[in-house]
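Me: I should like to go through the ligand site and one helix position of this model. Please reason briefly and close each reply on the value or name requested.

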Amino acid sequence: MLKHAVSTDQFLNKSLLDKLCDRAAEFSKMPTGDYPKPLKGMTIASIFFEPSTRTRLSFETAIQNLGANLISVENAGEYSSVKKGESLEDTIRTINAYAEGIVMRHPEIGSAHKAAAVSSVPIINAGDGAGDHPTQGLLDVYTIEKFAANSKTLTVAFVGDLLNGRTVHSLTKLLAIKRKVEFIFIAPDSLQIPKKYTDFCDYKHVKYQKFSNWEDCITRVDVLYMTRIQKERFKLIEDYMAVKDSFVLDTSAVKRMKKSAIIMHPLPRINEISVSIDKDPRAIYFEQVRSGLYMRMALLEYLYSD
Ligand code: NCD
């Protein structure tokens with residue numbers, strides 16, 4: 001069966017999330033020489049129209065760890081025939097001739113669906129503009145299961161650019177399904193979480209609050225999920241400049257947090273977490289990077305199982 005992974009909505013299923021997290025945990029403990037090779041003999045393409053370090057490299061590592069060959073275009077906007085005017089659809093049709101799967105990142109919301117509509121092989125959405133980033137959401141859920149306190153209800157605060165930050169969009173929905181949570185959305189008013197995500201919280205009976213500063217709530221969060229202000233999504237540089245330093249996590253802010261809290265960030269960070277925080281045991285964003293490899297292996301194995 002052809003299984004795409006284009007939308008977070010496909011993963012809003014508790015038992016599937018449990019299964020993927022369990023498998024990612026198994027991969028994390030497995031000696032690299034023991035990895036199974038369910039993708040042996042296949043070729044998987046990775047085609048990125050937007051910059052990426054972690055998503056692309058972890059996917060490409062995962063693809064090869066599971067036995068597939070990799071073909072890759074890392075700057076597809078410049079170095080694929082899209083630059084000459086070829087449509088995304090024709091690009092996908094072309095890659096279908098070479099590969100059994102396509103991992104794609106693209107600046108347009110909905111581009112992964114567009115690709116899936118013409119593809120005869122699975123499309124895996126590695127981020128579509130300011131829309132969705134399902135695999136980051138999955139790895140973040142797994143990271144929270146692994147590192148967050150075991151309290152009955154987790155208070156998760158999302159901080160930064162919640163309007164354009166696709167990782168927040170994906171994680172909000174997945175966490176609402178995976179476990180008992182309450183959300184605090186902390187952002188400048190112009191970058192608050194879109195209504196469709198709070199509507200989803202209402203629908204799932206998940207409590208949430210919205211704030212434009214963190215003074216009153218940083219002391220009670222279990223998970224602090226920091227994000228970058230998404231400069232590339234702003235039409236006017238002045239608008240970006242006005243909000244770019246809205247939230248900077250420094251030693252004095254971290255001192256006010258619970259001992260058991262964790263600090264996450266999908267990365268890249270610009271200046272929203274000062275480097276002095278990195279050695280605090282609550283800062284787990286580089287462990288989060290590692291989780292990405294294991295979750296992407298779990299996902300690929302799942303997509304190519306019968
Ligand atoms: C994020 C992304 O691309 O959406 N990065 C990532 O995939 N780890 C976050 C960001 O770019 O700010």
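Me: Which residue offers a polar backbone atom to a nitrogen atom of the ligand, and at what distance?
Reply: The model is a predicted one. A polar contact requires N or O atoms within 3.5 Å. A nitrogen atom of the ligand meets that cut-off with a polar backbone atom of Leu-267, at 2.9 Å.

Me: How much of the ligand's area does the protein bury?
Reply: The reference is the ligand taken alone, which exposes 320 Å². Of that area, the protein buries 94%.

Me: What is the distance from a nitrogen atom of the ligand to an N or O atom in the side chain of Gln-136?
Reply: Side chains also take part in the contacts: an oxygen atom of the ligand is 3.1 Å from an N or O atom of the Arg-105 side chain. For the Gln-136 side chain, the partner is a nitrogen atom of the ligand, and the distance is 3.2 Å.

Me: How do the residues of the shell around the ligand divide by character?
Reply: The ligand sits in the largest pocket. Its surroundings include Thr-55, His-133, Arg-166, Arg-228 and Pro-266. By character, the shell consists of three charged, three nonpolar and five polar residues.

Me: Is Ile-144 buried or exposed?
Reply: Ile-144 belongs to helix α6, which covers residues 134-147. A residue counts as buried under 20% relative accessible area. Because the relative accessible area of Ile-144 is 0%, this residue is buried.

Me: How far apart in space are Ile-144 and Asn-13?
Reply: In sequence, 131 residues separate Ile-144 and Asn-13. Taken from C-alpha to C-alpha, their separation in space is 17 Å.

How values were computed. Residues are numbered from 1 along each chain as its sequence is written. This is a predicted model: local features need pLDDT of at least 70, side-chain atom pairs count only at pLDDT 80 or more; totals for chains, interfaces and linings use all residues. Side-chain values use heavy atoms; hydrogens and water are left out. A residue is near a molecule or strand if one of its heavy atoms lies within 4 Å of it. A polar contact is a pair of N or O atoms within 3.5 Å; within protein, one must be able to donate a hydrogen and the other to accept it, and residues adjacent in sequence count only if both atoms are side-chain atoms. Accessible areas come from the Shrake-Rupley method with a 1.4 Å probe; for residues, only the protein chains shown count as cover. On a 1 Å grid over the protein atoms alone, a cavity is a set of points where a 1.4 Å probe fits but cannot get out, and a pocket is an open set with protein on both sides within 12 Å along at least five of seven lines; lining residues have an atom within 4 Å of a point. A molecule sits in a cavity or pocket if more than half of its atoms lie within 2 Å of its grid points. Ala, Val, Leu, Ile, Met, Phe, Trp, Tyr, Cys and Pro count as nonpolar, Asp, Glu, Lys and Arg as charged, and the others, Gly among them, as polar. Helices (H or I, at least four residues) and strands (E, at least two) are DSSP runs, numbered from the N terminus. Buried means under 20% relative accessible area, exposed over 50%, partly exposed in between (1.4 Å probe, protein chains only).
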